[in-house]
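User: I would like a close look at one part of this model, set in the context of the whole chain. Please treat helix packing in particular.

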Amino acid sequence: MKSRKKLLSLSATAILSLAIAGQSLAATAAFTDLDQVAAKDKIISLQSQGLVSGVSDDLFQPNASLTAAQGIQLIVKALGLNLDTIRFVKAPQATDYFAKAKNDSWYSQSFIIAANNGLKLSADLDPDQKWTKATFTRELLVALDGHNILHMMKLPAIEIKDRAEISIDDLGPVQAAIYKGIATLDADGNFHPNAEITRAQAAEMIFNALKYVHPTGQAGQTVYENTQYGFRFTLPDSWKGYSIVSDKWEGRSVDDGRVVESGAKLSIRHPQWTADQPRQDIPILVFTVDQWNELQHDQFHIGAAPINPSELTRNDKYVFALPARYNFAFPEGYQEVEDILNSKAIQPME
């Protein structure tokens, strides 16, 4: 499945708990080994949401190195990745994807979910392998951004003193993580990409990632509901006063280029959009289920790009999809739109 299908699903509890409040934290049975840890409050906040686990009921072991199994489970759990939209011919097992995994282990389900949500993990991954800071950063950013490495490389240049130690594959995610405030450099400007990441460092990055995706929490959101097609779209409060631009998509025959299918294209437009200073719209293509199936079998194509639209969600009658290369020109607000889409903002209505 295309990576755009795998969008983040953050519960209301997770969103609202990002603000660290002394009274709410005191109500949680906190780990007892965090007193000397700078990220103590962030870890306890994640614990209160059930997003991080300790090695026992009262010990987190913040300075222990993070294993691949722990890292994968942490990303899957915190970002709400799941298998809800995937249909399997047979029940999947962890060893279908990772030869060294165990099918009856505590991490088995997380491995299956990760493999089906776009994380490019090696088939010979060792669950007990210690992850480096660069490795965890790459997998976290891939889970957040759906492999959209192109926009990562378009970010402003960030001076990293030990940049030469960062591999080409890891450089984009590392730069994006620093730019978004998910990861930080040390006092000397170094990232230490090849150092083993600790459990505390990984938890802090998870906290920062959730805060980046939902900076204002669930309060301060506005919702667009489309009763004609049956979906709702949750927007940040800064989009209050949005407008809907109605258009249509056309599907052309692969044989002679004739228009053989068409449907609605709805674009949610930011209230600050102007003709002189346009901003990135949120485009949604609406397909009937039959049209979508025909598109997947190349019975027609849409636009000049050799890439099909990516499914966002569906109900019994319609599939809602994101156009291919919709933000190729990187207009103002494109990053915000990506983050909104990555928060599973669109939901089908019953």
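What is the orientation of H4 and H6 to each other? Please continue from there to the other helices that these two meet.

Analyst: The model is predicted, so local features require a pLDDT of at least 70 and side-chain atom pairs count only at pLDDT 80 or more, while totals for chains, interfaces and linings use all residues. Residues are numbered from 1 along each chain as its sequence is written, and side-chain values use heavy atoms, with hydrogens and water left out.

H4 and H6 are roughly parallel to each other, a term for angles under 35 degrees, as against roughly antiparallel over 145, roughly perpendicular from 65 to 115, and oblique for the rest. Their packing angle is about 25°, and the axes lie 10 Å apart. Axes here are lines fitted to C-alpha atoms, for helices over the stretch in contact, and angles between N-to-C directions run from 0 to 180 degrees. Helices are DSSP runs of H or I with at least four residues, strands are E runs of at least two, and both are numbered from the N terminus. The H4 and H6 crossing is right-handed, meaning that the near helix is turned clockwise from the far one by less than a right angle, whereas an anticlockwise turn would be left-handed. On the H4 side, Gly71, Leu74 and Ile75 make the contact, and on the H6 side Phe136, Glu139, Leu140 and Ala143 do so. By class, the contact of H4 with H6 comprises 5 nonpolar, 1 polar and 1 charged residues. Contact means heavy atoms within 4.5 Å. For the classes, Ala, Val, Leu, Ile, Met, Phe, Trp, Tyr, Cys and Pro count as nonpolar, Asp, Glu, Lys and Arg as charged, and the others, Gly among them, as polar.

H4 (residues 68-78) also packs with H5 (residues 108-115): the two axes come within 9 Å and cross at roughly 65°. H4 and H5 are therefore roughly perpendicular to each other, and H4 passes H5 in a left-handed crossing. From H4, Ala69, Ile72, Gln73 and Val76 meet Ser110, Phe111, Ile113 and Ala114 of H5. The contact of H4 with H5 contains 6 nonpolar and 2 polar residues, and no charged ones.

Ser110 of H5 offers a closer view of this interface. Leaving aside neighbours within four places in sequence, Ser110 is in contact with Ile72, Gln73 and Val76. Ser110 counts as buried because its relative accessibility is 9%; buried means under 20% relative accessible area, exposed over 50%, and partly exposed in between, for a 1.4 Å probe and protein chains only. The C-alpha atoms of Ser110 and Leu81 are separated by 8.8 Å, although these residues are 29 apart along the chain.

H6 in turn meets H8 (residues 168-179), with axes that come within 9 Å and cross at roughly 75°. That crossing makes H6 roughly perpendicular to H8. Ala134, Thr137, Arg138 and Leu141 of H6 meet Asp169, Asp170, Pro173, Val174, Ala176 and Ala177 of H8. Sorted by class, the residues of the contact of H6 with H8 are 6 nonpolar, 1 polar and 3 charged.

Thr137 lies in H6 (residues 133-145) and counts as buried because its relative accessibility is 0%. Not counting residues up to four places away in sequence, Thr137 touches Pro173, Val174, Ala177, Phe191 and Met205.

For context, the protein chain holds 11 helices and 9 strands. Of its 350 residues, 48% count as buried. Among contacts between residues at least 6 apart in sequence, 66% join residues at least 24 apart. The chain exposes about 17000 Å², with carbon and sulfur atoms supplying 47% of that area; accessible areas come from the Shrake-Rupley method with a 1.4 Å probe, and for residues only the protein chains shown count as cover.

Further along the chain, H11 is mostly covered, with 7 of its 8 residues buried; among them are Tyr334, Val337, Ile340 and Leu341. Lys344 occupies the loop between H11 (334-341) and strand E9 (346-348), is partly exposed at a relative accessible area of 26%, and has a phi near 55°, a positive value in a residue other than glycine. Asp298, in the loop between helix H10 (289-296) and strand E6 (300-301), likewise has a positive phi in a residue other than glycine, near 60°. At 51% relative accessibility, Asp298 counts as exposed.
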